[in-house]
Amino acid sequence: MATLKFPAAFKLLLPKPDQLGLKRALWLAAIFFCGVLLLALHRYFTFYASYDHGLFNQLFWNTSHGRWFQSSLTSANSIATLADGATPTVSFVHLGQHLVLDFLLWLPLYRVFPHPVTLIVLQVGLMAAGGLVLYGLARHYLAPQLSLWIVGSYYSAIAVVSPTLANFYEHCQIPLFAFGTLLAMEKQRWGWFWLGVLLVLGIREEAGIILFGIGAYLIVSRRHPRIGVAVCVLSFSYVAFVTTVIMPSFSADSSRLYLATRFAQYVDSPNPSTLQVLWGILTHPAELVSSLFLPFDRKIGYLIGHWLPLAFVPALSGVSWLVAGFPLLSLMLQKGMSALSMQLRYAIAVVPGIFYGAIVWWSHHPDYFTAKVRNVWKGCLIVSFVVILTSNPNRSLSFLIPDSVRPWVFVPITRQWEHATHLYSVLKAIPQDASVSATTYLIPHVSTRRAVVRLPQIEIYDDRGDKTAVDYAIADIWQLAEYSKAFADSRTALSLTVPKIDKLVATNKYGLLHIEDGIVLLGKNQPSHPEALTQWALLLKRIGWQAATTADLARSAG
């Protein structure tokens, strides 16, 4: 029988030959990759991917055409548009919101495959690759069997699976680069270590908080205190400098959109800097304690979600608390509930410290890895998997799990694909070079173009600096109506979109070109089709919407 051979890069992960363990780790990675990719692709092709996936696709598309980090969708989501009422522009630079320099690493791949699906494959692939580097990190301390349990826990973790099933985000790079940095540290490959540090910093501006936890560990453990001090100084300086100097040179989003809203309890300024927020936290101890512990059930539930796949070992590990503590603290102190959602990307920032601390703890307690403990651990993995399934992460399992029970909202897989077929049919009518306004869940599918905004917004500044209305508008009224039964965001979108369409058609700015299965297509300066006007009136009647202008249009069409 031929001997299985691995590339030299894999051998660098391991302290000694370990073909069987690495082969099993690869199988775990393959199962994760195939299973999660299948669900993520189904989510995209049935139009459950949403705004931010289109935003990042447009960001890559513009950058691949030499328009570096520009995005009209970022502009439409900026503080200037949301708070000041400014019209979105096609030349808005995303770096004012987030400094995502590592995107340049994946640009060659996107140039070969310029499509939103490329980002789905990239996200799942990066998260899967992070688990393989984690195996090498575990093997530095642990036996193959225990290392495989660690890796299995990673691929079963709520904070890994659920965000991977979301829209594409820069956070998918965190496990690969952070685990790689930790592995280089353990191997004392300092050149690779500092490369890893730079890659982590390039993920996103606040990723330096992850490195600060690593630096603090190196200092407190006295393993490499000088390097730890250097890492802490570098990470803190980087975050402070880019958020105070670099990012504000592009837009005010870093301070006004993020810092001023998420840390409003600590600062009075509408435009605070990172240092002002930090000083505010230190000088408001009552608010600090309240943010750390209240609401208690929410905070402890979040921690349990991270500990569960590792059988609660990180709760016992001082290393976990130290390395993961700083990114965890930054999430705990924020206002709002999104920062503490296990389904969203923010949870990934805590993963490296949680798993590294578990590895170090097991290295000091290998005798605890008994049959009884393995059974408990297995039960925790099952519970973690059940939580993932029943939570329907990012509506990726809406074909199996109802989105709402009271009131009942459930779209079976046959209806999902039937509606998707109609959507693709209508989307074909929009030229590839046309500017478009679309409802949220259509954004990813029209984002491979220069000018895209979200309905009810229809105006945009073009490359000449002229304000112009988009060429086409498309709305999935069926989807909004279906989900408005139970979800406030869909009700709000429906209440804004329907009157906007009514007004555009009534004033002859846009014509109703086609209506199919609740999907409405409008064209600028085009006449409405009489049949489409009649169908529009019938559609509004089906969803229980009253609109006088629509009734008038229907009568005139008759």
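**Exercise 1.** In this predicted model, work out whether Cys172 is buried or exposed.

*Solution.* Start with the cut-off: buried means under 20% relative accessible area. Next, look up the value for Cys172, which is 1%. That is why Cys172 counts as buried.

**Exercise 2.** Find out how many disulfides the structure has, and why Cys34 is not in one.

*Solution.* Recall what we're after: a disulfide is a covalent bond between the sulfur atoms of two cysteines. Searching the whole structure turns up zero of them. Now take Cys34: the closest cysteine sulfur belongs to Cys172 and sits 18 Å away, so the two are too far apart for a bond. Checking from the other end, Cys172 has the sulfur of Cys34 as its nearest cysteine sulfur, at 18 Å, and is in no disulfide.

**Exercise 3.** Check what span helix α13 should have, then say what covers its buried residues.

*Solution.* Helix α13 runs over residues 225–246, which makes 22 residues. At 1.5 Å a residue, the expected span is 32 Å. The end C-alpha atoms lie 30 Å apart, so the two values agree. Now for its buried residues: among them are Ile227, Val231, Cys232 and Tyr238. Their cover includes α11, α12, α14 and α15.

**Exercise 4.** Where is Trp377, and which residues does it touch?

*Solution.* First place Trp377: it is found in helix α20, residues 371–390. With 0% relative accessibility, Trp377 counts as buried. Then list its contacts, leaving out residues up to four places away in sequence: they include Leu146, Trp149, Ile150, Pro309, Trp362 and Phe369. Finally, try Ala469: from Trp377 it is 92 residues away in sequence and 58 Å away in space, C-alpha to C-alpha.

Notes. Residues numbered from 1 in each chain as written. Predicted model: local features only at pLDDT ≥ 70, side-chain atom pairs only at ≥ 80, totals over all residues. Heavy atoms only, no water. Disulfide = S-S within 2.5 Å. Buried < 20%, exposed > 50% of the residue type's maximum accessible area, 1.4 Å probe, protein only. Helix = DSSP H or I, 4+ residues; strand = E, 2+ residues; numbered from the N terminus. Expected span 1.5 Å × (residues − 1). Contact = heavy atoms within 4.5 Å.
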